[in-house]
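Reader: I am new to this structure and would like a close look at a single part of it. Could you take me slowly through the charged pairs and then through the patch of nonpolar surface beside that topic?

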Amino acid sequence: MSGTKQKSRTTAAPVKSKLPTAPQRMPWWPYAVVLLVAVVSVFEVYGPALHGPWFFDDTQLPYMQPHYAGAPLRSWMAGVRPVLMASFWLNFQQVGSEDTYPYHLVNVLLHLLNGVLVYLIVRKILGYRGEANKINTEILSSFGAGLFLLHPVQTESVSYIASRSETLSVFFVLSSFALFLYRRKTEIDFPTSIAVLALTGLALLSKEHAAALLGVWLLTDFYWNPGFSSRGIRGNWRLYTLALAGAAAAAAFVWKSLSTAATAGFGMKDLPWYEYFFSQWRAMIDYFRLFVLPIGQNLDYDFPVSRTIVGHGAILALVVLLAAIAAAWFYRRRFPLTSYGFFLALVLFGPTSSVIPIRDLLVERRMYLPFIGLVLMLVGLLRLWKTKPVTLAVALSAVLLIEAVLTYQRNLLWSNPIEMWSDSVAKSPQKARPRFQLAYADYQAGRCPDAVAEFERTSHLQQPSYDLLIDWALAYDCAGNVNAAVEKLNQAASIEPSAHVFSQIGMEFAKAGQYPEALDELDKGARYDPNFEMIYAYRGGIFEKLGNATRAAEEYHHALTIDPHNQMAIEGLRRLGR
C-alpha cells in the first residue's frame, strides 16, 4: 500500500448561465378554445336575424333594383362606395335577391374578423404599457374583443344588410391600424407605409369615415412612440408624406360622395352645419351612455335638432365633453390607456359627429367604427383592478354573458319588421317615419286593415307625401277598398304626376271592371313617360280580359321591348300562346 496521500478531488459547482431565457409562450389550445367560443357565441346571438327580411334602405340598393340584374360589375361600382358595391355584387351573383341569408352571413363573418383584429390591437397596445402579467393581458384583450362582438349596440351594424358599409369599411380600417401597430421597425418603412395606405384606400372606397385613420396614426405615435412626444411622428415621415400626397384625392372622393348624397352634406338647407354640430354634442353623450348602459335602443330615434347653442341642453353637453377632454389630457400620464382610448373614440366619431350634416342625428351604427376607442378606455380602467386572474376572468365573462343576452333579444326584433317597427313606434311615438315603416311592414305581411290604420296615424304626424299616399293606396287595395285606393292615388297625382301613379289608378279601375276609365288613366301615364313598361303590361291585361288577343299581345310585346324581364308581360304571352 502506498504511503502517499491521495489528494481529495472536489467537484466545482456549476455556474449558472446569465444569458436571458426565452419568454415562455402560452400553448396554442387556449387561443383555439377562445376563438371557437367566440364563433359559436356570435352565430348564436345573431342567429335570429340571419334569415331576417330586407329592411328599410335595403330595398334601395342595387341588388333590389331590376335594371341591375344583368349589369356587369363595373356598373355596380360606378357610383359611390365601389368596394362595398362589389361585395354586394358577389352576393347577388350567388343568390340574386331571393334569399337574405348569404348577405347576412357575410356581415357576421366580417364582424368576427373585426373582433379578431380588435383583440390584436388591444393586445399590442397593452404591450406598450409593459403589462407584467401576461395572463391579465390575454384576459383583457379577449374581453375587449368579446365586448366588440357581443355588445348590443353593434346589432344594427351587423344585422342590417345595408350597414355592411360599417362592417366592411371597419375591417379595412382595423387591418390598416393593426399593420401600422405590428410593423417590424419603429420607424415605418416605405413598403409597409404603402400597404397601410392601400388598406386605408379600400376602407375609404367602402365608406368615407375611414378618413379618420390619419388622426388615429398621429394620436398613436404621440401616445406610444415613444410616449407623449412628437418624435415618433417625425420618425414616421414616410407614412405621413405619402398620406398627405394622397389626401387631395381622398378629399375629392369624400366631397363627391357628400355632394351626391341626398341625406348628408352641406347642401341640406334645413340642417345647417352649426345646428348639426350643436346637436352632436348631445349625441356624443348618448353614444357614451349607450356603451356603458345599452338601454332604450331604438332603430329610429326621435332626436330633435339643437337650433341654437342652448337648444335641448346642447351647451350642457358641451360642458361635459370639454370637462372630459380636459381630464383625459390632464391625467394622460397617470391613466394613459384610458386617456388614449377616449381621444381615439373622439377622432373616430369625428367624421359623423362634427360639422358635416347628416339627416339622422343619432344612429347606433355610427358607434361601430369608434368602438375600438371605447374598448380601450374600458380596458385601461380594468387594468387598475388588482385582483386574481381567475376573479377577473369570471367577472368579465359574466359581463359578456349579459351583453350576449341583450344582443340576442335585439336580434329577435331584427328578424321581424313588425316587431322592430312596433318597438320603434313605442319609443318614438311622435315621429312619422317609424310609424310609416310599421304600416308598410303590416302591408307586406298581409295585415291590410292594420296597415290602413297605421298610414292614417302617420298622416296626422306629417303632411302626406307622394310615397305615403302611394303605399296607403296599396294598403286600401289590399283591404279591398278600391274607391279609397283611387282617392289616395289621385291625391298623389296632384302632388307629383307620373306614369307610375297613373298606371296605378288604371290598375284600380281595371280591378273594378271600369275598363274605359282604366285605359284613359294609362294613356295619361304614357304621355308622362312612354318608356314606363307597366303601362303596356296593364293594357295587355285589359285587352286580354276584353277578349282582344291581338291587341293584348301587341301591348305585352311593347312592354318586353322596354324590359325583357317583365313577368306580367311574359305570363300574358304564355297564356295567349304567343
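Author: A residue is called buried when its relative accessible area is under 20%, exposed when that area is over 50%, and partly exposed in between. The model shown is a predicted one, and the description that follows should be read with that in mind.

With these cut-offs, Val310 counts as exposed, because its relative accessibility is 55%. Val310 lies in the loop between H12 and H13, and together with Ile309, Ile315, Leu316 and Val319 this residue makes a nonpolar surface patch of about 430 Å².

The loop that holds Val310, between H12 and H13, also contains Asp300, which forms a salt bridge with Arg433 through N and O atoms that are 2.7 Å apart at their closest. This pair links distant parts of the chain, since Asp300 sits in the loop between helix H12 (273–292) and helix H13 (314–330), whereas Arg433 belongs to helix H18 (residues 432–444), 133 residues apart. The two partners also fall into separate classes of accessibility: Asp300 is buried, because its relative accessible area is 2%, while Arg433, with a relative accessible area of 27%, is partly exposed. The pair does not stand alone, for Asp300 and Arg433 are linked with Asp360 and Lys431 in a network of salt bridges.

As for the reason behind such pairs, side chains of opposite charge can pair when their charged atoms come close. In this model the count of salt bridges comes to 24, and two further examples can be set beside the one already described.

One of them joins Arg457 and Glu454, whose side chains meet with an N to O distance of 2.8 Å. Both residues lie in helix H19 (residues 448–461), where they are 3 residues apart, about one turn of the helix. Glu454 counts as buried, because its relative accessibility is 11%, whereas Arg457, at 40%, counts as partly exposed.

The other example is the salt bridge between Arg447 and Asp450, in which the closest N and O atoms are 3.2 Å apart. Here Arg447 counts as partly exposed at 37% relative accessibility, and Asp450 likewise counts as partly exposed, at 36%.

To return to the part where this began, the loop between H12 and H13 holds the exposed Val310, and the buried Asp300 lies in that loop as well, with its salt bridge reaching to Arg433 in helix H18.

Note on methods: Residues are numbered from 1 along each chain as its sequence is written. This is a predicted model: local features need pLDDT of at least 70, side-chain atom pairs count only at pLDDT 80 or more; totals for chains, interfaces and linings use all residues. Side-chain values use heavy atoms; hydrogens and water are left out. A salt bridge is a side-chain nitrogen of Lys or Arg within 4 Å of a carboxyl oxygen of Asp or Glu. Helices (H or I, at least four residues) and strands (E, at least two) are DSSP runs, numbered from the N terminus. Buried means under 20% relative accessible area, exposed over 50%, partly exposed in between (1.4 Å probe, protein chains only). Patches are made of residues with over 30% relative accessible area and no salt bridge: like charges are joined within 9 Å, nonpolar side chains (Val, Leu, Ile, Met, Phe, Trp, Tyr) within 5 Å. Accessible areas come from the Shrake-Rupley method with a 1.4 Å probe; for residues, only the protein chains shown count as cover.
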